[in-house]
Amino acid sequence: MNLGMVVYDHFRTFATSISYDLSLKLIRKFLSIKISLFVMSSSKKVTKIGVLTSGGDAPGMNAAIRAIVRTGIYYGMEMYGVMRGYSGMVENDIIKMDSRSVSNIIQRGGTILKTARCLEFLEPEGRKIAYDNLVKKGINGLVVIGGDGSFNGAQKFSNEFDIPCIGLPGTIDKDIAGTDFTIGFDTAVNTAVQAIDKIRDTMDAHDRLFIVEVMGRDAGYIALHSGIATGAENILIPERKTTLDQLISNLLEKEKRKKLVNLIVVTEGDEYGGANGVSKIIQDNLPNADIRICILGHIQRGGAPTCIDRYIASRMGYHAIECLMNGTHNVMVGIVNNKMQYTPLDSAVKAKQQISDEWMKIIKVLST
Ligand code: F6P
C-alpha cells in the first residue's frame, strides 16, 4: 500500500459523495494525471498493539477482536485489549491478551472489551493522558473498532501523537463511506426483517396500517434494506424528504383501491419524529385508519452475528494488522466490491454513503 493508493481511495470516496457519473469522470481524470507514487512507511516498527471497541456495540465486533488478536500474535506482536473504548485508555484499564482470550467469541454479539462514549477523550488533556498510558505499556499501534465518532477520536489522536491508528467500521448504521458494509449492519437488518415479517402476519389479519421504527440515527440504510426486503409500502428515511401530502395522498389512493394493509418503515431520526410522529400525522388526515406502531429499538443491536458480519469482521481484522505492519497508517479498512479498500480516517467520516435514486424507484414500483 502506498500513499498514492491512499490518496486515490480518499479521492474516490469524495467523488462518490458528489454523484456517480461525476465521480467516474473525476476518477478517470485523476488516473490520467500520472503522479509519482511513493511508499508511506513509518520509521517505527509496530510491536505492541492495543485494540478497543467504541461507540454503540455491533454484532461482529467480537469476531473482529478475535481476528486482530490472533493475527497480531501470529506475526509475533504483543496484543492488548483496551476496556470500554477510549475510557480504558484514559483510565489505564488495559489488559494483555493471548490467543485463548478470544476463544469461543466469534459467534457472540456485543463486545468482550465493552464499549463506551468517552467525553474526556474529546479534550486534548484527556487524549494526552490516554497517550501516556499507552506509552507506559509500550503500545505503539492501535486498532479502533467503531463508527464515525470513534474515527473522529482516532483521527485527532493520530494527528497529535506518534501512535498509528487503524479504524474498522463497526456500526449497525452503515453510515460510513469507503466500505460496502459495516460490521453489524447485516445482523441488524436481518433482525429487523424477522421482526417485521412477524408484524406483517398480524397486520394482514386485521387489515391494519403498521408503522415500524428502526434504528440508524440519521442514516436510513436499516430502513431501506429491511423495508425493501419486507415489501414495505412506504420507507421514510432522513436522506430523502417525503412530503406529507405525498404520503397521505398515497395512502388515500390505496384506501380507494381497497389496499388496506400498509406497512411503513421509518428511521428513528426521520424529520417527522419517528413512528409516533408519523402515526399522529396520518391519524389526523385519515381518521378511519386502524394504526399500530412498533419501535424495534435495541433488539436490532444484539444477537449472534450473521455469517456475513463474522466474515467481514475476520477479514478486516486480519488486514488491520497487515496495515500496521506495512506502514499503511491512519486509515479505515473497508471492503468495496469484495476488495480491500483503505480510506483515510477523516474522509471515512466526512463522506457519507449515498442513497441511490434507483432504490427509491424500486420502492415505489414494488409497492403498487
Ligand atoms: O449508532 C448505533 C445506534 O444503535 C443508533 O442506531 C442509535 O441511534 C444509537 O446507537 C442509540 O444509542 P444508545 O444505545 O446510546 O441509545
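Q: Which helix is the place of Phe 157?
A: This is a predicted model, so let's just read off where the residue sits in it. The helix covering residues 148-160 takes in Phe 157, and that helix is H6.

Q: Is Phe 157 buried or exposed?
A: A residue needs 20 or more other C-beta atoms within 10 Å to be called buried. Phe 157 has 24 C-beta neighbours inside 10 Å, so Phe 157 counts as buried.

Q: Which residues does Phe 157 touch, if you skip those up to four places away in sequence?
A: Chain distance isn't the whole story here: Lys 128 is 29 residues from Phe 157 along the chain, and their C-alpha atoms are separated by 8.7 Å. Once the sequence neighbours are set aside, the residues touching Phe 157 are Arg 127 and Cys 165.

Q: Which residues touch the most other members of the largest nonpolar core?
A: Nonpolar side chains in soluble globular proteins tend to end up buried together. The largest nonpolar core here has 89 residues. It draws at least three residues from each of domain 2 (48-184 + 305-350) and domain 3 (186-301). The members with the most contacts inside this core are Ala 64, Val 143 and Ala 320.

Q: Beyond four places in sequence, which residues is Val 143 in contact with?
A: Val 143 is one of the core's top three for touching other members. Leaving out its close sequence neighbours, its contacts are Ile 49, Val 51, Ile 68, Ile 166, Leu 168 and Ala 320.

Q: How many charged residues does the shell around the ligand have?
A: The residues surrounding the ligand include Asp 173, Arg 217, Glu 268 and Arg 301. Asp, Glu, Lys and Arg count as charged. Next to two nonpolar and four polar residues, the charged ones number four.

Definitions and conventions
Residues are numbered from 1 along each chain as its sequence is written. This is a predicted model: local features need pLDDT of at least 70, side-chain atom pairs count only at pLDDT 80 or more; totals for chains, interfaces and linings use all residues. A residue is near a molecule or strand if its C-beta atom, placed from the backbone, lies within 6 Å of it. A nonpolar core is a set of buried Ala, Val, Leu, Ile, Met, Phe, Trp, Tyr and Cys residues joined through C-beta atoms within 7 Å. A residue is buried if 20 or more other C-beta atoms lie within 10 Å of its own, exposed if 12 or fewer, and partly exposed in between; C-beta atoms are placed from the backbone. Domain bounds come from an automatic or database domain assignment. Two residues are in contact if their C-beta atoms, placed from the backbone, lie within 7 Å. Helices (H or I, at least four residues) and strands (E, at least two) are DSSP runs, numbered from the N terminus.
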